[in-house]
Amino acid sequence: MKYCIKDQLSPFEFHDAELSLLSFDGNTLRLSARFLTVHKGIPENPYDTDMEIESAVMTFQGFQMHSYTRFGDNNEAIWLYDDALHDRLNTEGITLLTETATDAFLTSLREGITVLDHDLSGENNQLCLGGMSSMDPFFEVGFAFCHVLIAWDVFSRKAWYEQIRQYTYDEPETLREK
């Protein structure tokens, strides 16, 4: 692959990325990623804007599952507003652990998941992903890993949030007080 970043997830934005399973051998998890975004200002991104990657391969070595939590009942997601966390999802769910959690995550990955949010803890390389799949309308998965490698060949376009024109108010000179 032409570009690769090892042991760093901070240069990436995962919102709306689509992940699917390539392989899992009990220790190494390999995923295909579409709509993954890489930040500007790093050597692997030669553009002056955040860019979307056409297709990437993410490899997590030393994969260790912590939990997989399904939210909602009868495929109905439960959304609550939490004032203290400012619009953070706060629901009750069914939490799966160990092999059951791994099986649920792999099943979702086989169908393909869309990432809604992610949180990386630098301590012990722990990653928490909030996502959705056809199997689970909303889930949260937490796992640890020893190393991660993200590799890709082609940038597809500017990041979606770079393409949206932000509204700015410019008051016409004729309306300004003189």
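# Exercises on rings, charges and strands

Phe 145 is buried, with a relative accessible area of 5%. The model used in these exercises is predicted.

## Exercise 1: An aromatic pair

Task: Decide whether the pair of Phe 143 and Phe 145 is stacked, tilted or edge-to-face.

Solution.

Step 1. A pair of aromatic rings is described by the distance of the centres and the angle of the planes.

Step 2. The structure contains 15 aromatic pairs. In the one formed by Phe 143 and Phe 145, the centres are 6.3 Å apart and the planes make an angle of 55°.

Step 3. Stacked requires planes under 30 degrees apart, and edge-to-face requires over 60. The pair of Phe 143 and Phe 145 is therefore tilted.

Step 4. Now add the surroundings. Phe 143 has a relative accessible area of 1% and is buried, and Phe 145, at 5%, is buried too. Both rings belong to a cluster linked by ring pairs, whose members are Phe 24, Phe 60, Phe 63, Tyr 68, Phe 105, Phe 139, Phe 143 and Phe 145.

## Exercise 2: The nonpolar core

Task: State which residues of the largest nonpolar core touch the most other members, and list what Phe 60 touches.

Solution.

Step 1. The largest nonpolar core has 39 residues, and those that touch the most other members are Phe 60, Phe 105 and Trp 152.

Step 2. Helix α1, residues 98-111, gives the most to this core, namely 5 residues.

Step 3. Leave aside residues up to four places away in sequence. Phe 60 then touches Leu 9, Asn 27, Thr 28, Leu 29, Leu 31, Leu 127, Phe 143, Phe 145, His 147 and Val 148.

Step 4. Compare this list with Exercise 1. Phe 143 and Phe 145 are among the residues that Phe 60 touches, and Phe 60 is listed with them in the ring cluster.

## Exercise 3: Salt bridges

Task: Locate the salt bridges, and say whether each partner is buried or partly exposed.

Solution.

Step 1. Side chains of opposite charge can pair when their charged atoms come close. A search of the whole structure gives 3 salt bridges.

Step 2. Arg 34 and Glu 18 form one of them, with 3.1 Å between the closest N and O atoms. Arg 34 is in strand β4 and Glu 18 in strand β3 (residues 18-24), so this pair links distant parts of the chain, 16 residues apart. Arg 34 is partly exposed at 40%, and Glu 18 is partly exposed at 30%.

Step 3. Glu 52 and Arg 157 form another, again with the closest N and O atoms 3.1 Å apart. Because Glu 52 lies in strand β6 (residues 51-53) and Arg 157 in strand β14 (residues 155-158), the pair ties together parts that are 105 residues apart in sequence. Glu 52 counts as buried at 4% relative accessibility, whereas Arg 157, at 42%, counts as partly exposed.

Step 4. The side chains of Arg 70 and Asp 136 also meet in a salt bridge, at 2.9 Å from N to O. Arg 70 lies in strand β8 (residues 64-71) and Asp 136 in the loop between β11 (126-132) and β12 (139-144), so the pair ties together parts that are 66 residues apart in sequence. Arg 70 has a relative accessible area of 28% and is partly exposed; Asp 136, at 5%, is buried.

## Exercise 4: The partners of strand β3

Task: Work out which strands pair with β3, and which residues are the bridge partners of Leu 19.

Solution.

Step 1. β3 and β4 run antiparallel and are joined by 6 bridges. Leu 19 stands opposite Ala 33 in β4.

Step 2. The hairpin of β3 and β4 has 3 residues between the strands, and Gly 26 in this hairpin takes a positive phi near 95°.

Step 3. β3 also pairs with strand β10 (residues 113-121) in the antiparallel sense, over 2 bridges. In β10, Leu 19 has Ile 113 as its bridge partner.

## Exercise 5: Positive phi without glycine

Task: For Asp 7 and Phe 35, give the phi angle, the place in the chain and the exposure.

Solution.

Step 1. Asp 7 is not a glycine, yet its phi is positive, at about 60°. Asp 7 sits in the loop between β1 (3-6) and β2 (12-13). With 36% relative accessibility, Asp 7 is partly exposed.

Step 2. Phe 35, also not a glycine, has a positive phi of about 65°. The loop that holds Phe 35 lies between β4 (28-34) and β5 (37-38). Phe 35 has a relative accessible area of 23%, which means partly exposed rather than buried, since buried requires under 20%.

Key:
Residues are numbered from 1 along each chain as its sequence is written. This is a predicted model: local features need pLDDT of at least 70, side-chain atom pairs count only at pLDDT 80 or more; totals for chains, interfaces and linings use all residues. Side-chain values use heavy atoms; hydrogens and water are left out. Rings of Phe, Tyr and Trp (its six-membered ring) pair if their centres lie within 6.5 Å; planes under 30 degrees apart count as stacked, over 60 as edge-to-face and the rest as tilted. Buried means under 20% relative accessible area, exposed over 50%, partly exposed in between (1.4 Å probe, protein chains only). Helices (H or I, at least four residues) and strands (E, at least two) are DSSP runs, numbered from the N terminus. A salt bridge is a side-chain nitrogen of Lys or Arg within 4 Å of a carboxyl oxygen of Asp or Glu. A nonpolar core is a set of buried Ala, Val, Leu, Ile, Met, Phe, Trp, Tyr and Cys residues joined through side-chain atoms within 4.5 Å. Contact means heavy atoms within 4.5 Å. Two strands pair if DSSP finds at least two bridges between them.
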